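Ready for some practice in reading a protein structure? Take a moment with the sequence and the 3D view, then try each exercise before you look at its solution.

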Amino acid sequence: MSGLTRFLLNLLLSLLVAAVATWGLAAVWRAIGGGDLTMHGWIALSLGILGTVGLAWVLMALAFKSDREGWDDRVDNTFDPGRDPGDDS
């Protein structure tokens with residue numbers, strides 16, 4: 001599977017998750033006695049959920065990239081105040 005295909009599938013999945021979460025939150029809002037959402041409310045709720053899903057997606061991708069490329073193994077802890085000076089690991 002090419003990178004573009006994988007990206008588009010992930011994008012479609014995030015849009016689907018955002019749509020279902022938006023619908024679910026709107027249903028809960030109505031169930032607890034809140035009024036109907038206006039168009040601006042729907043837009044704000046959708047953008048908030050999509051932004052949260054997108055941010056989580058990007059941060060997880062960075063964590064996996066960092067782990068795969070070994071960036072966590074090359075951390076310099078010489079200035080760590082809790083580090084024992086005789087410990088070279």
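The exercises below go from the whole fold to single residues, and they are about a predicted model.

**Exercise 1. Describe the overall fold: how many helices and strands does the protein have, and what is its radius of gyration?**

Solution.
- Step 1: Begin with the secondary structure, which consists of two helices and zero strands.
- Step 2: Look at the extent of the C-alpha trace, about 65 × 40 × 20 Å along the principal axes.
- Step 3: Now take the radius of gyration. The protein has 21 Å, whereas a compact globule of 89 residues would have a value near 12 Å.
- Step 4: Finish with the surface. Buried residues account for 9% of the 89 residues. The exposed area is about 7,400 Å², and carbon and sulfur atoms supply 69% of that area.

**Exercise 2. Compare the span of each helix with the span expected at 1.5 Å a residue.**

Solution.
- Step 1: Helix H1 covers residues 3-31. With its 29 residues, H1 reaches 42 Å from the first C-alpha to the last, close to the expected 42 Å.
- Step 2: Helix H2 covers residues 39-69. Its 31 residues should span 45 Å, and the end C-alpha atoms lie 44 Å apart, which agrees.
- Step 3: Check what comes right after each helix. Gly-33, just after H1, has a positive phi of about 100°. Gly-70, just after H2, also has a positive phi, of about 80°.

**Exercise 3. Which residues of H1 are buried, and what do they pack against?**

Solution.
- Step 1: Use the cut-off for buried, which is under 20% relative accessible area. In H1 the buried residues are Ser-14, Ala-18, Thr-22 and Ala-26.
- Step 2: Think about the spacing of such residues. In an α-helix there are 3.6 residues a turn, so residues three or four places apart point the same way.
- Step 3: Find the partner: the buried residues of H1 pack against H2.
- Step 4: Test this with one of them. Ser-14 has a relative accessibility of 10% and therefore counts as buried. Setting aside residues up to four places away in sequence, Ser-14 touches Leu-50, Val-53 and Trp-57.

**Exercise 4. Now look from the other helix: is Ile-49 buried or exposed, and which residues does Ile-49 touch?**

Solution.
- Step 1: Locate Ile-49, which sits in helix H2.
- Step 2: Read its relative accessible area, 12%, so Ile-49 is buried.
- Step 3: List its contacts, again not counting residues up to four places away in sequence: Ala-18, Ala-21, Thr-22 and Leu-25.
- Step 4: Add a distance. Ile-49 and Ala-18 are 31 residues apart along the chain, yet their C-alpha atoms are separated by 5.7 Å.

**Exercise 5. Find the aromatic pair and decide how its rings are arranged.**

Solution.
- Step 1: Searching the whole structure gives one aromatic pair. The partners are Phe-7 and Trp-57, with 6.0 Å from centre to centre and 20° between the planes.
- Step 2: Apply the cut-off: planes under 30 degrees apart count as stacked. The pair of Phe-7 and Trp-57 is stacked.
- Step 3: Place the partners in the chain. Phe-7 belongs to H1 and Trp-57 to H2, so the pair links distant parts of the chain, 50 residues apart.
- Step 4: Check exposure. Phe-7 is partly exposed at 42%, and Trp-57 is partly exposed at 30%.

**Exercise 6. Which two residues form the salt bridge, and how are they placed in their helix?**

Solution.
- Step 1: Recall the idea behind it: side chains of opposite charge can pair when their charged atoms come close.
- Step 2: The whole structure holds one salt bridge. Its partners are the side chains of Lys-65 and Glu-69, at 2.7 Å from N to O.
- Step 3: Look at the spacing. Lys-65 and Glu-69 are four residues apart in H2, so about one helical turn separates them.
- Step 4: Check exposure. Lys-65 is partly exposed at 40% relative accessibility, and Glu-69 is partly exposed with a relative accessible area of 40%.
- Step 5: Turn to Ser-66, also found in H2. Ser-66 counts as buried at 17% relative accessibility. Leaving aside neighbours within four places in sequence, Ser-66 is in contact with Trp-71 and Asp-72.

Key
Residues are numbered from 1 along each chain as its sequence is written. This is a predicted model: local features need pLDDT of at least 70, side-chain atom pairs count only at pLDDT 80 or more; totals for chains, interfaces and linings use all residues. Side-chain values use heavy atoms; hydrogens and water are left out. A salt bridge is a side-chain nitrogen of Lys or Arg within 4 Å of a carboxyl oxygen of Asp or Glu. Buried means under 20% relative accessible area, exposed over 50%, partly exposed in between (1.4 Å probe, protein chains only). The expected span of a helix is 1.5 Å times one less than its number of residues. Rings of Phe, Tyr and Trp (its six-membered ring) pair if their centres lie within 6.5 Å; planes under 30 degrees apart count as stacked, over 60 as edge-to-face and the rest as tilted. The radius of gyration is taken over C-alpha atoms; the globule rule is 2.2 Å times the number of residues to the power 0.38. Accessible areas come from the Shrake-Rupley method with a 1.4 Å probe; for residues, only the protein chains shown count as cover. Contact means heavy atoms within 4.5 Å.
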